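Hi everyone, thanks for making time today. I'd like to walk you through a structure that may be new to you, so please have a look at it while I talk.

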Amino acid sequence: MNPAPSVEPALFRRMMGRWPTGVAVVTAREHGTDHGLTVNALLSVSLDPPTVLASLGVDADSTPVVERTGRFAASFLSADQRALSERFARTVPSEEKYRGLAVDRTPGGLAVLPGAIARFECEVMSVHPGGDHRLVLGEVRWIDLPGEGMPLVFHRGSYAEPDGVGGLRLPGARPP
Ligand SMILES: Cc1cc2nc3c(=O)[nH]c(=O)nc-3n(C[C@H](O)[C@H](O)[C@H](O)COP(=O)(O)O)c2cc1C
């Protein structure tokens with residue numbers, strides 16, 4: 001039998017670009033140092049127990065911290081927090097990501113971001129291999145819903161912009 005045809009990574013990236021997502025910053029803390037990264041591969045898995053899955057790159061500095069400490073938090077960014085998405089997506093030492101940034105704390109002491117539309121803390125239930133990522137299942141132990149603002153939306157490699165009438169315009173999408 002012939003092997004399944006392989007797919008170009010660039011084509012795969014374009015395909016997934018057509019799947020709009022929210023944007024979150026996942027944080028962890030070890031030996032008094034905060035770590036964190038921007039993610040859009042985050043999804044709800046189970047209601048009972050309340051469980052999310054975060055797909056974290058094997059090369060990301062934050063990933064082994066999440067695995068070692070068995071805990072992470074996440075902040076769902078609001079539409080006006082694009083700068084925070086970019087800040088936490090940079091490959092710089094974690095101290096730089098947090099420099100000059102005010103954070104709030106979960107009951108477990110993890111950093112969550114003021115202005116986010118939802119913040120929560122998880123205990124890691126299990127970690128699974130996922131190609132060049134680690135699939136981290138976390139049971140949600142604490143939830144904070146500070147506001148009803150619009151989410152930051154990522155689509156086709158870019159962020160949705162406010163459309164001026166209270167909604168969002170997806171990048172690359174034709175106006176009606
Ligand atoms: C919009 C957006 C979404 C991202 N989603 C993910 C993701 O789901 N998982 C991941 O591991 N990295 C994701 N990244 C890349 C990480 O944020 C980036 O590699 C980061 O520098 C890792 O930080 P660290 O090495 O300090 O942990 C995303 C970046 C952007 C801009």
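Let me start with a question: which side chain meets E86 in a salt bridge? The partner is R82, and the N to O distance is 3.6 Å. Before I go further, please keep in mind that this is a predicted model. Now, where do these two sit? Both E86 and R82 belong to helix α3, which covers residues 82-88. They are four residues apart there, about one turn of the helix. As for the surface, E86 counts as partly exposed because its relative accessibility is 41%. R82 is also in the partly exposed class, at 31% relative accessibility.

A word of background here. Side chains of opposite charge can pair when their charged atoms come close. In this model the count comes to eleven salt bridges, and I'd like to show you some others.

Take D34 and R105. Their closest N and O atoms are 2.8 Å apart, and they form a salt bridge. This one joins distant parts of the chain: D34 is in strand β3 and R105 is in strand β7, residues 104-105, with their positions 71 residues apart in the numbering. Is D34 buried or exposed? It is buried, since its relative accessible area is 11% and buried means under 20%. R105, on the other hand, is partly exposed at 39% relative accessibility. The pair also has company, as R29, D34 and R105 are linked in a network of salt bridges.

Next come R141 and E123, whose side chains meet in a salt bridge with an N to O distance of 3.4 Å. R141 lies in strand β10, residues 133-144, while E123 lies in strand β9, residues 118-130, so this pair ties together parts that are 18 residues apart in sequence. R141 is exposed, with a relative accessible area of 52%, and E123 is partly exposed at 38%.

Let's turn to the ligand. How many residues surround the ligand? There are 20 of them, and the closest are T38, G57, D61, S62 and K97. By type, the shell divides into nine nonpolar, eight polar and three charged residues.

Some contacts here involve the protein backbone. For A41, a backbone N or O atom lies 3.0 Å from an oxygen atom of the ligand. For S55, a polar backbone atom is 2.8 Å from a nitrogen atom of the ligand. And for G57, a polar backbone atom is 2.7 Å from an oxygen atom of the ligand. Taken alone, the ligand exposes 650 Å², and the protein buries 81% of that.

Which elements give two or more residues to this shell? They are β3, residues 33-39, and β5, residues 50-57. Strand β3 gives the most, with four residues. You have met β3 already, as D34 is in that strand.

Finally, have a look at the surface. V7, L11, F12, M15, M16 and W19 form a nonpolar patch there, with about 670 Å² of accessible area together. One of them, M15, is found in helix α1, residues 9-17. M15 counts as partly exposed because its relative accessibility is 49%, and the exposed class begins over 50%.

That's my tour, and I'm happy to go back to any part of it.

Notes
Residues numbered from 1 in each chain as written. Predicted model: local features only at pLDDT ≥ 70, side-chain atom pairs only at ≥ 80, totals over all residues. Heavy atoms only, no water. Near = heavy atom within 4 Å. Polar contact = N/O pair within 3.5 Å; in protein donor to acceptor, adjacent residues only side chain to side chain. Areas by Shrake-Rupley, 256 points an atom, 1.4 Å probe, with all protein chains shown as cover. Nonpolar A, V, L, I, M, F, W, Y, C, P; charged D, E, K, R; others polar. Patch = residues over 30% accessible without salt bridge, like charges linked within 9 Å, V, L, I, M, F, W, Y side chains within 5 Å. Salt bridge = Lys/Arg side-chain N within 4 Å of Asp/Glu carboxyl O. Buried < 20%, exposed > 50% of the residue type's maximum accessible area, 1.4 Å probe, protein only.
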